[in-house]
Amino acid sequence: MSNGPDVIILGGGHNGLTCAAYLARAGRSVLVLEARSRVGGAAVTEEFHPGFRNSLASYTVSLLNPKVIADLDLHGHGLEIRNRPIGNFMPLDSERSLATGTDLAGTQAEFARHSKRDAEALPAYYDWLERAASVLRDMLLETPPNVGGGLLDLWRAGRLANRLRKLPQHDQDAVFQLFTASAADVLDGWFENPHIKALFGFDSIVGNFSTPYSGGSAYVLLHHVFGEVNGVSGAWGHAVGGMGAISESIAAAARAAGAEIRCDARVAEVLVKDGKVAGVRLEDGTEERAPIVSANVTPKRLLLDLLPAGTLPSEVQRRVESTRYGSGTFRMNVALDRLPTFASRPAPGPHHSAGIIVAPTLDYMEQAYVDARREGWAREPIVEMLIPSTLDDSLAPQGQHVASLFCQHVSPQLPDGREWDEVRDTVARHMIDTVDRYAPGFADSVLGYMALSPADLERKLGLTGGDIFHGALALNQLYSARPMLGAANYRMPVTGLYLCGSGAHPGGGVTGVPGHNAAREILRDRVG
């Protein structure tokens, strides 16, 4: 085993690459080890049908932090993001639909067709939500206070408490409600129309194997409005070339700063000596020495699968084992020979570039969860479809299109001992048929597809339980409890071992924030 780098990054997903870039910019020697043949993890662009390319798992841009974009000069390294012309579009039946407009007035006009009262309530709701988001947005780039930690953690806790204490009463109420209440309770307090509630409530179950009626689901709704695109708060966009373009631009920034990135390098074990990290051993037997390992894998995979047996105290191991995983996600890419035609809005328009949501009511979403728990997948599934080729014609042959389908709910573990490989295509056709009910002819336009079940997401991308967030965004798995109490400051229970992936604060999505924050803590430790 030869002398190695200062830091080994385990996993070349976007957060691992972000961590590597910041460390390399600070003068540290960094080696990134990625198991797959290309970097990006879940944020990678691949051909899935001859002539058709798309993002493999992650599928839209909003949460990528503007500080990360600016610090690493991602636009200078080739990243281009195009804003969606409108936010979301929800077909309801053959005649009715609902959408968020290009601006507040446009959305109010849309809502007024369904409820004048709800249209009038919208500005106050947006303001209420943004006030809460602005409070929590400031916390994203901060390290949470570690329960049981030292003076620095006490100072962090005190500063947070003081910040919340100084908020106006209505802002304190907004934060409290969005951290503790269900999305349904919050939306019932603002709106009367069930479809308008569903249009907003959809955000509360994205990647959340739960229902809008579950306590804490309001936070998941809030989590999805933290972001911005090209300076527009709360907007959503598309990375030209697919989500892999984000990872490639971060990788370019890391390489430019001196980081080495090695693909086809699957790590079998984190080496530990005398209670401290000593490096890693690859599956081919190669050992790489380093005093620091920063892992962009799920906490369960890192702490239970990659550490030598007996490394963790039994109580810590029990807590890791009890972490909840499973986002209820079935992910598809579909090659189309033409643009879908929606019965409620048949003409081509900006709604084709929106997030197209099949989930007309909150009750519909709850039933999808109940079905998945009982039968394995929803009989009336929730589907969000994007057609990124309307914004980026490099993804499909001329005149043809790519559709991303993000489908819920499905259970990570099927009942009756069945395996996902047995039913994957049955469920995939079911999802296509669901879209076809709102866009007649959609099924006939399908040239081919790629489908990823929860089992595929775990096998191919290392997402425990198929969980896109590296662990549920539940109240007992957020902030100082993410990934668990006592390990919220990116430092794992072995000296020299850090977590830089979505299993750490602030959680999932293509943000770059866990990588940014972990790099800062590593540098703090090495400096003093």
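Colleague: By class, how does the lining of the second largest pocket break down?
Modeller: First, this is a predicted model, where local features need pLDDT of at least 70, side-chain atom pairs count only at pLDDT 80 or more, and totals for chains, interfaces and linings use all residues. Residues are numbered from 1 along each chain as its sequence is written, and side-chain values use heavy atoms, with hydrogens and water left out. Ala, Val, Leu, Ile, Met, Phe, Trp, Tyr, Cys and Pro count as nonpolar, Asp, Glu, Lys and Arg as charged, and the others, Gly among them, as polar. On that split, the lining has 14 nonpolar, 10 polar and five charged residues.

Colleague: How much space lies in that second largest pocket?
Modeller: On a 1 Å grid over the protein atoms alone, a pocket is an open set of points with protein on both sides within 12 Å along at least five of seven lines, and lining residues have an atom within 4 Å of a point. Points are joined across faces, edges and corners, and a volume is the space filled by probe spheres set on them. Its lining takes in 29 residues, with Tyr 126, Ser 233, Gly 234, Ala 235 and Trp 236 closest to the centre. The space in the second largest pocket is about 780 Å³.

Colleague: And which element gives the largest share of its lining?
Modeller: Helices (H or I, at least four residues) and strands (E, at least two) are DSSP runs, numbered from the N terminus. Helix H3 (104–112), helix H4 (116–137), helix H8 (194–201) and strand S9 (232–233) each supply at least two residues. The largest share, six residues, comes from H4.

Colleague: What about sealed space: what is the volume of the largest cavity?
Modeller: A cavity is a set of grid points where a 1.4 Å probe fits but cannot get out, and there are six cavities of 30 Å³ or more. Residues lining the largest one include Leu 136, Phe 179, Tyr 479 and Arg 482, and by class the lining has nine nonpolar, one polar and one charged residues. The largest cavity holds about 110 Å³.

Colleague: Tyr 479 turns up in that lining; what is its phi?
Modeller: Tyr 479 sits in the loop between helix H15 and strand S21. At 16% relative accessibility it counts as buried (under 20%; exposed is over 50%, partly exposed in between, with a 1.4 Å probe and protein chains only). Most residues other than glycine have a negative phi, and most peptide bonds are trans. Tyr 479 is not a glycine, yet its phi is positive, about 50°.

Colleague: Which residue follows Arg 482 across a cis peptide bond?
Modeller: The residue lies in the loop between helix H15 (454–461) and strand S21 (497–499). The bond from Arg 482 has omega near 0°, and it leads to Pro 483.

Colleague: There's another cis bond, ending at His 409; what is its omega?
Modeller: His 409 is placed in strand S19 (residues 401–410). The bond runs from Gln 408 to His 409, with omega near -5°.

Colleague: Staying with S19, why does the pair of Tyr 59 and Phe 406 tie together distant parts of the sequence?
Modeller: Rings of Phe, Tyr and Trp (its six-membered ring) pair if their centres lie within 6.5 Å; planes under 30 degrees apart count as stacked, over 60 as edge-to-face and the rest as tilted. Among 16 aromatic pairs, Tyr 59 and Phe 406 are stacked, at 5.1 Å centre to centre and 25° between the planes. Tyr 59 lies in the loop between S4 and helix H2 (66–71) and Phe 406 in strand S19, so the parts they tie together are 347 residues apart in sequence.

Colleague: Is Cys 500 buried or exposed?
Modeller: The structure holds zero disulfides (pairs of cysteine sulfur atoms within 2.5 Å). Cys 500 is in none, and the nearest cysteine sulfur, that of Cys 19, is 4.5 Å away. With a relative accessible area of 0%, Cys 500 is buried.

Colleague: Last one: which residue in S4 is the bridge partner of His 49?
Modeller: Strands S3 (residues 45–49) and S4 (residues 52–55) pair in the antiparallel sense over four bridges, where pairing takes at least two bridges found by DSSP. They make a hairpin with two residues between them, and Gly 51 in the turn has a positive phi of about 85°. The partner of His 49 is Phe 52.
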